[in-house]
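Please open the structure in the viewer and keep the selection tool at hand. This tour proceeds from one selection to the next and explains what is found at each stop.

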Amino acid sequence: FSFSGNMNDAAGTHTPVAADVKNLTFTTDRFGFAGLAGNFNGETTLVEIPNGEQYMANNSFTLSVWIKASSAQDGQFVLGLAAWKGFQLELASDWSWVKFATQYAQAGGSDSEDNWFPGTGLTKDNGGWQGWTFHKNVLPYGGGVGTTYFKNKWAHVVCTYEASTKLATMYLNGEKVKQHDFNLWPVNDARRTVSGVKFAGNLTGGGNKLALGFIQGSQNRIIPDGWADPANPFNNHFTGQMDDVRIFKVALTGTEVTTLYTAEKP
């Protein structure tokens with residue numbers, strides 16, 4: 001989805017109907033060209049992509065997106081497919097972290113797990129969670145993750161899961177910043193049996209639409225709570241610009257992520 005004046009799916013059959021593109025305008029992109037990025041007003045803008053469960057039909061997965069988050073909004077749901085029952089990208093209210101939550105198939109069913117990047121540098125070897133194998137420290141830069149990467153500036157976010165290695169990885173601006181290994185979860189923890197990503201939301205009534213600008217779509221919501229209702233303009237909708245949303249049925253390698261970033265950076 002290139003946001004080139006429309007929301008057409010350039011690679012498949014997921015173009016949304018006009019009624020599912022709500023209050024989206026097109027604005028200047030990261031290269032300075034007018035009308036080539038999506039502008040989200042933080043209250044009512046919502047784009048709902050049909051048949052989002054198909055994005056999780058393979059065990060491995062990659063999400064790639066460019067975002068520029070406005071400092072006018074503290075705490076933002078950037079996008080979501082049935083929230084964590086599919087996957088969702090979120091920025092902290094204090095700008096201290098970014099999180100990509102994903103639902104995974106595991107023994108006995110499925111469950112969600114966060115690829116959470118607070119930028120403290122903690123790993124399994126220095127006081128962090130035992131499954132964290134890599135964690136970049138950004139605290140010396142001041143202001144934490146949000147200020148370093150997202151606040152009023154364009155950032156390239158890539159999140160992957162490679163089923164063969166059970167590694168979940170986050171990249172920002174072409175660089176690996178966080179990785180965890182499900183093989184290192186505690187003995188007898190079901191997460192050690194994770195086999196791949198899995199959609200566990202509502203397949204009917206529009207519950208399977210990928211929402212750009214919020215944590216879940218507006219129809220047949222998997223989370224009925226008021227805070228997760230996109231109809232409420234005060235519910236931490238994404239405020240800012242978005243561009244070039246890409247979803248792959250494989251996990252891109254680190255080299256491929258860097259190549260993609262280099263080709264697309266302003």
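**Stop one: Phe117 and its contacts**

Begin by selecting Phe117 in this predicted model. Leaving aside residues up to four places away in sequence, Phe117 touches Ser96, Trp97, Val98, His135, Lys136, Val138, Val145, Tyr149, Met170, Leu172, Val177 and Lys178.

**Stop two: the nonpolar cores**

Next, add Phe3, Phe150, Leu212 and Met242 to Phe117. Within the largest nonpolar core, which has 49 residues, these five touch the most other members. Then select strand β5, residues 61-69; this strand gives the most to the core, with five residues. A second core, separate from this one, consists of eight residues. To locate this second core, select Leu46, Phe77, Ala211 and Ile223, which are among its members.

**Stop three: the cavities**

How many cavities of 30 Å³ or more does the structure hold? There are two of them.

For the largest cavity, which contains about 50 Å³ of space, select Phe61, Phe100, Thr102, Tyr104, Glu113, Asn115, Cys159, Thr160, Tyr161, Ala168 and Thr169, the residues of its lining. Elements giving two or more residues to this lining are β8 (98-106), β9 (109-117), β11 (154-162) and β12 (167-172). Colour the lining by class to see six nonpolar, four polar and one charged residues.

For the second largest cavity, with about 30 Å³ of space, select Ala82, Gly206, Gly207, Gln216, Gly217, Gln219, Asn220, Arg221 and Ile222. Here the lining comprises two nonpolar, six polar and one charged residues.

How values were computed:
Residues are numbered from 1 along each chain as its sequence is written. This is a predicted model: local features need pLDDT of at least 70, side-chain atom pairs count only at pLDDT 80 or more; totals for chains, interfaces and linings use all residues. Side-chain values use heavy atoms; hydrogens and water are left out. A nonpolar core is a set of buried Ala, Val, Leu, Ile, Met, Phe, Trp, Tyr and Cys residues joined through side-chain atoms within 4.5 Å. Buried means under 20% relative accessible area, exposed over 50%, partly exposed in between (1.4 Å probe, protein chains only). Helices (H or I, at least four residues) and strands (E, at least two) are DSSP runs, numbered from the N terminus. Contact means heavy atoms within 4.5 Å. On a 1 Å grid over the protein atoms alone, a cavity is a set of points where a 1.4 Å probe fits but cannot get out, and a pocket is an open set with protein on both sides within 12 Å along at least five of seven lines; lining residues have an atom within 4 Å of a point. Grid points are joined across faces, edges and corners, and a volume is the space filled by probe spheres set on the points. Ala, Val, Leu, Ile, Met, Phe, Trp, Tyr, Cys and Pro count as nonpolar, Asp, Glu, Lys and Arg as charged, and the others, Gly among them, as polar.
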